[in-house]
Amino acid sequence: MQDQDHPQQKTDGEIIQALRKAPDAENPFKLLDLRLTPPKTWAAGVPAVMAAMKDLVEEKAFFRGNFALLKMNQFKGFDCPSCAWPDPDDERSPIAEYCENGAKALAEEATTKKLTAEFFKNNAVVDLAKLDDYQIGKLGRLTEPMYLPPGGTHYQPVSWEQAFEKIGAHLNALASPDEAAFYTSGRTSNEASFVYQLFAKEFGTLNMPDCSNMCHETSGTALRPTIGIGKGTVKLEDFYDTDVIVIIGQNPGTNAPRMMSALAKGKKNGAKIIAINPLPEAGLMGFRNPQAVSGVVGEGAKLADLYLPVKINGDMALLKAIELLLLDFEKKFPGKVLHQDFIRDKTAGYDAFVQQFEKYQLDTLAEEAGIAPAAIMEAAQILAFKKRIIVCWGMGLTQQPNGVDMIREILNILLLKGSIGIPGGGVCPVRGHSNVQGNRTMLIDEKPTDEQLDRLEQFFGFKMPRKHGYDVVRAIKAMHEEKVKVLFCMGGNFLSATPDTTYTAHALRRLNLLVCVSTKLNRGHLVHGKEALILPTYGRSDKDIVKGAVQFISTENSMGVVQHSKGVLDPVSTNLLNETQIVCRMAMATLGSRAVVNWQRYHDSYDAVRDDIEQCIPGFENYNKRIREKGGFYLPNAARDEQKFAEQYDHRAPFTLTELPDNRLEADEYMMATTRTHDQFNTTIYGLDDRYRGVHQERRVIFMNQKDIDKAGFKAGDKVDLFNYDDGIERVAPLFIIVPYPVPERNTVTYFPETNVLVSVNNVVKESNMPASKYVRIKVRKHSEEVWKKVEEMLVRGERQR
């Protein structure tokens, strides 16, 4: 069928016909409108304010949006729908407690553009699929439930009652509950997350893949067996009074812009900042605070005191080199460098850890890292005589195949220094999506512990499923094998977020039913199962009205603060349901009289949900009272509050023995890492510029070192095709433009989701099973129209690239 074939053609990098235009003879860089400017050495400032306001104008929501911005991240307002960076506990800016990307996320929600039944009547799925993700995202807010019947070419309106009847019928027709999977996006509230996981368990499955499986599963996997908790151990205030902040594999200027304010404050109070990243990101180098005079007319604040341009996956060698030097310093200055009392009383395995360094040499480790020995020595000297050390990381580490080991190596350094569970010291995984951490706290987890399941079973009185479910990667494979026949997506853009795009698209097409709870249209609605439903819901900034009264939800930020969030904007439609209501009505339509849980009670009252969360999850005592207090409350964190670590080691933290990876490349291979542009949040594309890196009006670019460009016989502006050959399969991402950039030799960087097609579903992180999207071996060849045609033909035929 046409609508089942042509959308697949566009999933492989979102190729649109306009990209095939010949380059402008006067501008060899031009493909669409590519324009290059010098990369920035600082982030934020007045340009960030102007960019945010521009988005509000484009979404026809300037006044409506600015009204909402004044309430975003305020004590009586709503939580930003973008990143999970925490708000100050005590004092918040009354003008702007948000960043550029938060304002852009708000603009996406506050838009007055609407997608009605008339829009879907006039636009076939095949035509919508010809748009790129940016164009799709700019169409407007969804206003009513939509249904795509078997063989249908257009989505058509459906009543809420009919939608839930269809879901219930499909779920009840399955041979086993494990033939369904329930995906969760990070923005889902605590209340909706709790009822969602509870429904899946009452239905009978632990198939609960979620966005953590693609971003910070690695962090939790590394931290839990070591420090006893899968979360960070610092508070925001620790950044203000610390000695050293290390930022590794994380770009605060784009991924968590408000983090730069904390870094600047810490720097002003005397902290040193070490930045470790293959790219010299603007947000690591400098910050201009648009709310300060110096950020408007001055030079702003310098951030990194030391920048280490590590090779992709050279981080492990770098960390071991630093440890080697710290151990040498301790020999020269006994008791001055390492915290021997902490090591004796709070750790395990120290002697074996030290012994391993007999086989390492600084020069060899430095070569593996791609960092000069003198620069590594400088980093070690910054750390040597300091105790209050915070280490932050992002997906630059978590999406490496040995990411779990690298995070444990970071812990090794902090354990040597006694820097965990002290003011101004600890670990800080910088979570991506707002409330992605809260989802996991609410038991959105494909492998919950027996203790967690026992509590639920005791309280609700029905037998919990115990067989571990599918994470994202396993769910994709299960769909492909037709072991999963119904996929319910609570938010997100599953197709664009996941790896191996062609393979994943084929898997989605084999579903009997795909259901997406969404605020806006995305590509995940256009590559679908035999039937598909789109269920529209409120955005974080919308008034959530239940029985005529505006309600509030709660979320958890990346430092374990649970706070309330109350929308302020009139919804774009009167035909929306909140996520909790959607889950409850699905539960009632599916389970009917066999339900044990009182789903109507949850449907009618967030307070009722919170009352039962209190009974089932430790740390939520007096939930309904404390969530109404100013600023919310901190969840317990024994590693931070009591220096109590892994229970199996008598609450000590074990040192971990790790190995160096083998990163050798073939002569014609490069290592590729995917990243986002500054005009993007996860898979949501706000615009076509990457202002800080100097790339404008184009996303299909590949950053390469100039020496590599010359050696391969390329030149800047050349059009190339990218290939990956993992699993013996040829994967192709055609038509990219070479942009020279200061990346390490033999390393390249591209944007996702355009190059997700090159990430094998089997290229995963050891232990956490996350896609290793920052570690992809590729080959780069001159662009060929024949390759383009071959890819198009394969995709039209629905074949997997080989």
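The following exchange examines how several descriptions of this predicted model are justified.

Biologist: Why is glutamate 556 called buried?

Modeller: Its relative accessibility is 1%, and buried means under 20%; glutamate 556 therefore counts as buried. This residue is found in strand S21, which spans residues 553–556.

Biologist: What makes the pairing of glutamate 556 with lysine 231 a polar contact?

Modeller: The two side chains come to 2.8 Å, and the limit for a pair of N or O atoms is 3.5 Å, with one able to donate a hydrogen and the other to accept it. The pair is accordingly listed as a polar contact. Lysine 231 is also among the residues that glutamate 556 touches, a list including Asn190, Asn435, Gln437 and Leu635.

Biologist: How far apart are the C-alpha atoms of glutamate 556 and asparagine 190?

Modeller: They are separated by 7.7 Å, although the two residues lie 366 residues apart along the chain. Asn190 also belongs to helix H9, where it takes part in the contact with helix H30.

Biologist: Why is H9 described as roughly perpendicular to H30?

Modeller: The helices pack at an angle of about 65°, with their axes 10 Å apart. Angles of 65 to 115 degrees count as roughly perpendicular, so H9 receives that description relative to H30. H9 passes H30 in a left-handed crossing. On the H9 side the contact is made by Asn190, Glu191, Phe194 and Val195, and on the H30 side the participants include Tyr606, Arg610 and Ile613. By class, this contact has six nonpolar, one polar and three charged residues.

Biologist: What makes H16 roughly antiparallel to H19?

Modeller: Helix H16 (residues 315–332) and helix H19 (residues 362–369) pack at about 155°, with axes 8 Å apart. An angle over 145 degrees counts as roughly antiparallel, and H16 is therefore so described with respect to H19. Their crossing is left-handed. Among the residues making the contact are Leu318, Lys320 and Leu324 of H16 and Leu365 and Glu368 of H19. The contact divides into eight nonpolar, no polar and two charged residues.

Biologist: How do you know that histidine 678 is buried?

Modeller: Buried requires under 20% relative accessible area; histidine 678 has 2% and so qualifies. Histidine 678 lies in the loop between strands S25 and S26.

Biologist: Which side chain does histidine 678 join in a polar contact of 2.9 Å?

Modeller: That partner is the side chain of glutamate 100. Histidine 678 is also in contact with residues including Asn101, Lys104, Asp689 and Tyr692.

Notes: Residues are numbered from 1 along each chain as its sequence is written. This is a predicted model: local features need pLDDT of at least 70, side-chain atom pairs count only at pLDDT 80 or more; totals for chains, interfaces and linings use all residues. Side-chain values use heavy atoms; hydrogens and water are left out. Axes are lines fitted to C-alpha atoms, for helices over the stretch in contact, and angles run from 0 to 180 degrees between N-to-C directions. Helices (H or I, at least four residues) and strands (E, at least two) are DSSP runs, numbered from the N terminus. Angles under 35 degrees count as roughly parallel, over 145 as roughly antiparallel, 65 to 115 as roughly perpendicular and the rest as oblique. A crossing is left-handed if the near helix is turned anticlockwise from the far one by less than a right angle, and right-handed if clockwise. Contact means heavy atoms within 4.5 Å. Ala, Val, Leu, Ile, Met, Phe, Trp, Tyr, Cys and Pro count as nonpolar, Asp, Glu, Lys and Arg as charged, and the others, Gly among them, as polar. Buried means under 20% relative accessible area, exposed over 50%, partly exposed in between (1.4 Å probe, protein chains only). Lists of a residue's contacts leave out its neighbours within four places in sequence.
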